Each structure stands twice: as structure tokens, then as C-alpha cells.
Amino acid sequence: MINPNSTPILTVRGLRASINGTEILKGIDLTVKSGEIHAIMGLNGSGKSTFAKVLAGHSAYEVTGGSIQFEDKDLLELPPEERARAGLFLAFQYPIEIPGVANTQFLRLAYNTVQAQRGKEELDPLEFDDFVREKMKLLEMKPDFLDRSVNEGFSGGEKKRNEILQMALLEPKLSILDETDSGLDIDALKIVAQGVNQITNKDNATILVTHYQRLLDYIVPDYVHVMQAGRIVITGGKELALELETRGYDWINENNSSIAGVLA
Amino acid sequence: MSAVLQSLVNQPYKHGFVTDIESDIAPKGLSEEIIRLISAKKNEPEWLLAFRLKAYQHWLTMTEPEWQNVRYPKIDFQDISYYSAPKPKKKLASMDEVDPELLRTFEKLGVPMHERAALAGVAVDVIFDSVSVTTTYKQKLAEVGIIFCSISEAVHTHPELIQKYLGTVVPVGDNYFAALNSAVFTDGSFCFIPKGVKCPMDLSTYFRINTEGSGQFERTLIIAEEGASVSYLEGCTAPRFDTNQLHAAVVELVALDNADIKYSTVQNWYAGDEKGIGGIYNFVTKRGLAKGINSRISWTQVETGSAITWKYPSCILRGENSVGEFYSVAVTNNYQQADTGTKMIHIGKNTRSTIISKGISAGHSNSSYRGLVRVAPTAEGARNYSQCDSMLIGDQCGAHTFPYIQVHNNSAQVEHEASTSKIGEDQLFYFSQRGIGAEEAVSMIINGFCKDVFQQLPMEFAVEATKLLSFKLEGSVG
């Protein structure tokens, strides 16, 4: 929700980034305050997933300009693990499989690492087991999933649920959900959305990166940004997403200046 | 490949110290004279000298094998010293009389014998260069009739057993390096578990090569009589020298009816430096004969060291219903090379074998699995299951699998599975995005990968192996 008194969690200014010498992000400005949900929409190749990965610190991308402030920290100074420990979470579009590493072991290590950073109590395997099972109910996950290897042989839906489970465990300040809706059937989408809605509150913030309006029926954004060729070309409220759904992305190119006027 | 991975693999070798002890070294070179010298030094009976000379004559007719997937310059066998023993001040009667300098070496290696023996209930037979220094717990074992001592001691105290079994599993002319070993072996461990006895503790040997330019040719012989069982642990380290040292050991196991021998190795010989200079050539022949019905031979190895590892701990399954097992983790880094695997020879009816091999390659290293499963016409109902998994860290290393399957009986079932995976940038990014640093991530992935093998190790070895692997790969990421 939008609250004029809330404080910024993320402040991005003039962010430029490239991969293998090709510039993908060409100057992004974005401010996300606590309590807010932002949707970033755009066609494939518009740079929205790159933006998510650059925020998380993926080493394949080189930041060539601009700044990212995360609460009181200069995010660009921090390696990825420290960004995560500071409370930045990325739910991956394609969560990678890690054969041989049990999910429960992985989740507990991640949980305890973040807990230690926050000066809070770490949990032993038994305590953690109780704790994680509670959280799993939220996402209607089967218990056997804890003993399986991280994401190995998971269906698309299971992988996405696993991401949201991790989000629920780690209680991030800022969650970035990269195309979390892709590959989900409508039931799974509802469950995932329900999970996200239970996690969001007035002290944290969420960025939804998505191609389709569909997800936004279940997680209602406060702001919608449209990216094109590495820039945010337009910003509006949740109704912008609906307009895009009916009129398509071409509509923006044709009417860029006039829409901006309407929404301002 | 990421700098993270690079630095994680590159950690200095911590056993690379040399102990300053006066050694009794034979002049370099190999000849009948040298063999006679070794035999004389050890005051050996005539039959053993004959055994050595026969092996030497065999060796002279053989050529060094070249089929293995490793590269190294020709070994000059005349440039090796075949006998090196720490000069004892007097005859040792107990642990307290062992050279304190030597004891300190073992402390540094993390083998405090007194403590280790007392706390862990492990009897340690320590081989330093070529001579067995002392055997602990001998008395306690003797009470149940177990003989555990150096092989040169056994030659004098139990010549009938040595004469009966030595060379029966690995004949003198078996292969080039086994022939060499048979000619020049200087010491090793001997272990005899009599009928019906379950060895009350794990038996353990620690090998260490201390003298530059010396080879280590130890010989191990383990006999488990009807219904006996034993778990034997072997650990290896060597100081750091710029020259390569040859380690050509032979291990023979014999299991009679219903007997069970479990042999576990954690090998951490010096692997050479990050440019591939120096390190041990580990060319070892290990073979177990499951001679009796329902007997079982189980090999577990964690190979982390050596410039070159070349060995195939094998099982000859002769007894009906006998079982052979091979569990292996081989880690190579920098310019290390490993060509390792096993041979399962099914001869008896309903014999079963399991092969689980995990190869991990990092840096510029090369790791090969080579395994033979042979089912003889007599092996009605034989079964084998093989699983060979390789993991690559970085993109400069290689992993290869060479399975050989020869089935001569239609009732046999042979399964082979293989996989190759890679610790990639994206996996590490996934971990780091959850707050987990690269080193912890790699160690978690590796331990998960090796789980099936580690759980076969005795508890204290499993802990050691886990630490060793993390240590070995520490800094390959960063």
C-alpha cells in the first residue's frame, strides 16, 4: 500500500548495465518504499529480468553507471551474499537444480545465515523442521519435498513454490519476483499469490517482474512500470496493466506521450 | 570460470614438512644386489629372497604400461632409492621409545597415536618410509587371536602364513608395478583374523614418505578366516618435494567362508604444486579375493592427493554368493591426474557387486573412471550395479569414464549408470542469493555429491574426509 510517510527501501538512479559489452540497462530510475508493491512489465528482451539480476548482484552483468541505494547501504559495494543477508531476495525465474543437496539442509543453512546476520537465534535441525513445516502449509507443499534435492526433478510449479517458501523463511525487506507466474497453472498461481500476499506487510516491499497482467489479478500492485529497451518508459497505477492487457505493448509506442499525460 | 571457484581449489598442502631424522638409505638404483641387500638388512629367510628375485626377473621382461589416461615423463628406476629406514637408536620395545621427532611428525599429521588409539579405539600400525615403527594395541588384539603387525615382523613370527598367502592374490608377475613391489617391498602391514573372530576395533595404518628421492613400496596382506570380520583403515601423506616420488604398493586381501573385509583409504599424498611440479606417483595394486562362500570384500577410497593416481582396487568373487563393493571419491585439482576405478571378477554363482564412483575435477586436472565387470561362464545369477558420476569445477578440467563389461553368462544382470555435472556460476549465484557464501556452497554441493561414498566410511574417517575435501577445494572459489 502507498503511505506518504513510509521510508524508501530501494532507490535506483540512472542505472546502466551490460553483459559481454552489450548494454542492456540504459538508465533506470526507480524508488520503492516500504509497504509498496511494484510491478515491472515489458516484452521479452526489454531488460526486466536483467534488472532483477543486477539488483541481486549476478556477476555476469557489469554495472557501467548509476547508483543503487538499499536502505542505508550502497548496494553496488556488496557481493551477492551480503545483499541477501541485508534483506534483498530474488525469486528466480528458472530456479537451478542442485543435485545431492537436500532441500531441508539448504533451507536451514540459508535461514540460519540470515538469522545470524540479524543477531537472531539459529535453529537446530529439529526446531527448523517444525518451523519449515508450518511455512509449507501456507503453500500447500508435500512434506516429502524437504528430503528431495534442491529443485531436482521438481515440476515448474514446485520450483516456484520452493522460491516463495524461501521468501517466507527469510523474511526479506525487498522481494523481487522474476516471472514467478510463468509456467504456473491457475491453481498454482493462486496458491503462490496467496503466499506472497501473506508475506507482504507495511515494513517490506515487493517488485513483481512479469510479462502478463494475470498475476496482478491476485497480487495487486501499487505501481506499474513498463520497461522498453532498457528503460522504464511509463509508470502508472494498477489500471495501466489492464490497459496493456487489452491494447498490447504496441499501444505504448503509438501513444507514449499522450498516455503519460493521462496518467500523470 | 569464476575467480571464486579458482581460489577455493587452491589451498597450500599442509602436510608438506620434512622430518629431520637420520635415515638409513640404500644407494640409488635397482639390481639383484640391491634386492639381496634389502633382504639381508631385513634378515629374511631364503624363500622370501627367492620370491623377490623371481619378481625381479619377471619385472625385467616387462615394459611400463602406457594404456592409462595419464601423462608423465618416463620414470628412471635407477634414480630411486629402494630402501630408507629411520635409524633407530636401539630396538624399540614400546611406544615410549619411538623417536620423539617422529612422534611429533605424527602429531603434525593429526595422528597422535596414544590419544587416537585410546580415544578412538584404533590400533595404528605406522609405516614411516619403509619400516613399520610400532604397532599399538597389539596385545589387546592378541588376546582374541588377531595378529596385527608389520609384514617384516610377520615374516619371522608367522612365516607359514606369509608363505601360504603372499602373492596368491596379486602374483609376482601380475603387472609392472606389482612385480617391482614384489621385488623390493620393504615393509607394510600384516593382519590375520582367525576363524569366527570379529575384530573388536578398526585397525589403522598411516603411511608417510619422508625421504626425498625414495620410493615407497609397502606390502599389505590381510587374511580373514571363516566367519571373521575386520575393518581396516589406511591414511597416507607425504612431505612436499619438487621431485616426483614413486609409491607402488601392493595390497592383498583374502576372505574365506562367511568372512568380511572392509578396507578404507583416505589418500592425501602430496599432489605437486599449483603448476604441477612435484608430487607422488601413486601406482598401486589392490586386490581382494572373496574366496569362500558368502564372503565379502568392500573397498572404500577417498583419493585427494598424488600428482598421479593410478589404481583399481578389485574383487575376485570366487565363493558362491560372495559380495564385492567399491565406493570411491577421487578429487583432482591443479595438474593432478587420476585414472582409477575397479575390477569386479565374478566367478562363483550368485555373486554380487556394487560400484559407486564419484570423480571431482577442478583446475587443469583430469580424472578418469576405468572399471571392468567380468562375469565368467561359471557365474550363474551374477549381478552388478555400477554408478559413475563426475563433477566438474570450472572449465579447464576433464572427466572421463571407461567402463568395460564382459559378460559370459546369460543369467547375469549388469547395470551401469553414469552422469556428469558441473558446479556452475548459476548454482553458486543461487546459493549466494540466499546468503550462502561460495566456499560453503561448494562444500555443500561436494558433500551431497559424495554422500553415498562417505556414508560407507567409518565415522572418524568420514569426518576427516569431509574436512579434507573442503580443505582441498577451499579457495577454488573466490
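Which residues lie nearest the centre of the largest cavity? Let's start there, and please keep in mind that we're looking at a predicted model. The ones nearest the centre are B:Ser357, B:Gly359, B:Ser367, B:Ser368 and B:Tyr369, out of 16 residues that line the cavity. Its volume comes to about 100 Å³, and the search gives seven cavities of 30 Å³ or more.

So who builds the wall? Six strands of chain B each put in at least two residues: β17 (323-332), β18 (337-346), β19 (352-361), β20 (366-375), β21 (383-393) and β22 (398-407). As for the character of that lining, we have ten polar residues, four nonpolar and two charged.

Now, staying with chain B, let's go to a pocket. The second largest pocket has a volume of about 530 Å³. It has 24 lining residues, and closest to its centre you'll find B:Trp67, B:Arg287, B:Tyr312, B:Ser314 and B:Lys343. Two or more residues of the lining come from each of α9 (176-184), β13 (279-290), β15 (308-311), β16 (314-317), β18 and β20 of chain B. You may recognise β18 and β20 from the cavity a moment ago. Which element gives the most to this pocket? That's β13(B), with five residues. Here the lining splits into twelve nonpolar, seven charged and five polar.

Next, aromatic rings. Over all chains, the search turns up 23 aromatic pairs. Let me show you one of them, B:Trp59 with B:Tyr176: the centres are 5.4 Å apart and the planes make an angle of 40 degrees, which puts the pair in the tilted group. The two partners come from distant parts of the chain, 117 residues apart. B:Trp59 is in helix α3 (residues 46-61) of chain B, while B:Tyr176 is in helix α9 of chain B, one of the elements we just met in the pocket lining.

Over to chain A, and to sheets. There's an open sheet of six strands here, in the order β6-β9-β10-β3-β11-β12, with mixed pairing. Why do β6 (88-91) and β12 (231-236) of chain A each have one side without a neighbour in the sheet? They stand at the edges with a single partner strand each, so nothing in the sheet sits on the other side. Going from one strand to the next, the twist averages 20 degrees.

Let's zoom in on that β6 edge. β6(A) pairs with strand β9 (residues 174-178) of chain A in the parallel sense, over four bridges. If you want a spot to click on, A:Phe89 has A:Ser175 in β9(A) as its bridge partner. Lying across both β6 and β9 of chain A is helix α5 (residues 156-170), which runs at about 165 degrees to β6(A).

Chain A also has an open sheet of four strands, ordered β2-β1-β4-β5, and the pairing there is antiparallel. The edges are β2 (22-33) and β5 (73-74) of chain A; each has a single partner strand, so one side of each is left without a neighbour in the sheet. Inside that order, β1 (residues 8-19) and β4 (residues 62-70) of chain A run antiparallel and are joined by seven bridges. A:Ala17, for instance, has A:Val63 in β4(A) as its bridge partner.

One last residue: A:Lys135, in helix α4 (residues 125-138) of chain A. Beyond its neighbours within four places in sequence, A:Lys135 is in contact with A:Leu165, A:Ala168, A:Leu169 and A:Glu171. Its C-alpha atom is separated by 16 Å from that of A:Asn112, 23 residues apart along the chain.

Technical notes: Residues numbered from 1 in each chain as written. Chains lettered and ligands numbered in written order. Predicted model: local features only at pLDDT ≥ 70, side-chain atom pairs only at ≥ 80, totals over all residues. Heavy atoms only, no water. 1 Å grid on protein atoms, 1.4 Å probe; cavity = no way out; pocket = protein on both sides within 12 Å on 5 of 7 lines; lining within 4 Å. Points joined across faces, edges and corners; volume = space filled by probe spheres on them. Nonpolar A, V, L, I, M, F, W, Y, C, P; charged D, E, K, R; others polar. Pairing = 2+ DSSP bridges. Axes fitted to C-alpha atoms, helices over the stretch in contact; angles between N-to-C directions. Contact = heavy atoms within 4.5 Å. Phe/Tyr/Trp six-rings, centres within 6.5 Å; stacked < 30°, edge-to-face > 60°.
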